[in-house]
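Colleague: I am new to this one. Please show me how to read it, step by step.

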Amino acid sequence: MEGDWDLLQCRFVRCPYCGERIELVVDCSVSDQRYVEDCQVCCRPMVLEVTVDEVGHVNVHANDENAC
Ligand SMILES: [Zn+2]
């Protein structure tokens with residue numbers, strides 16, 4: 001099967017505040033993204049940085065809002 005699943009991928013990140021693993025759906029059609037999403041566990045705002053490299057590997061980093 002090909003199609004939208006290539007663009008929407010699930011990734012886990014670790015919340016910088018509470019340390020819980022959070023599942024995210026990442027839109028891989030944009031290769032460089034930075035946005036804020038509230039942690040599903042502690043509800044604090046994580047700054048997410050999504051990068052897609054040239055072979056299509058998706059990297060997601062969650063940062064403490066205050067660290068930026
Ligand atoms: Zn959290």
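**Reading the fold**

Modeller: Start with the inventory. The chain has five strands and zero helices. Keep in mind that this is a predicted model.

Colleague: Which pattern does the chain follow along the sequence?

Modeller: Read from start to end, it goes β-β-β-β-β.

Colleague: What box do the C-alpha atoms fill?

Modeller: Roughly 35 × 20 × 15 Å, taken along the principal axes.

Colleague: How many of the residues are buried?

Modeller: Of the 68 residues in the chain, 6% are buried.

Colleague: And how should I read contacts along the sequence?

Modeller: Take the contacts between residues at least 6 apart in sequence. Of these, 31% join residues at least 24 apart.

Colleague: Now the strands. How do strands of a sheet pair?

Modeller: The general idea: strands pair through backbone hydrogen bonds, and the pairing is either parallel or antiparallel. Here, look at E1, residues 8-14, and E2, residues 21-27. They pair in the antiparallel sense, over seven bridges. Within this pairing, Arg14 stands opposite Arg21 in E2.

Colleague: What do E1 and E2 form, and how many residues lie between them?

Modeller: A hairpin, with six residues between the two strands. Look for Gly19 in the turn: its phi is positive, about 80 degrees.

Colleague: In what order do the strands of the open sheet come?

Modeller: The order is E3-E4-E5, three strands with antiparallel pairing. E3 and E5 (58-64) are the edge strands, as each pairs on one side only. On average, neighbouring strands in this sheet are turned by 25 degrees against each other, direction ignored.

Colleague: How many bridges join E4 to E5?

Modeller: Seven, and the two strands run antiparallel. To find your place, use Thr51, which stands opposite Asn59 in E5.

Colleague: Let us try a single residue. Where is Cys42 found?

Modeller: In the loop between E3 (32-38) and E4 (45-52).

Colleague: Why does Cys42 count as partly exposed?

Modeller: Count the C-beta neighbours. A residue with 20 or more within 10 Å is buried, and one with 12 or fewer is exposed. Cys42 has 13 inside 10 Å, so it counts as partly exposed.

Colleague: Which residues is Cys42 in contact with, leaving aside its neighbours within four places in sequence?

Modeller: Cys15, Tyr17 and Cys18. Glu20 offers a check on distance: it is 22 residues from Cys42 in sequence. In space, Cys42 and Glu20 are 8.8 Å apart, C-alpha to C-alpha.

Key. Residues are numbered from 1 along each chain as its sequence is written. This is a predicted model: local features need pLDDT of at least 70, side-chain atom pairs count only at pLDDT 80 or more; totals for chains, interfaces and linings use all residues. Helices (H or I, at least four residues) and strands (E, at least two) are DSSP runs, numbered from the N terminus. Two residues are in contact if their C-beta atoms, placed from the backbone, lie within 7 Å. Two strands pair if DSSP finds at least two bridges between them. Axes are lines fitted to C-alpha atoms, for helices over the stretch in contact, and angles run from 0 to 180 degrees between N-to-C directions.
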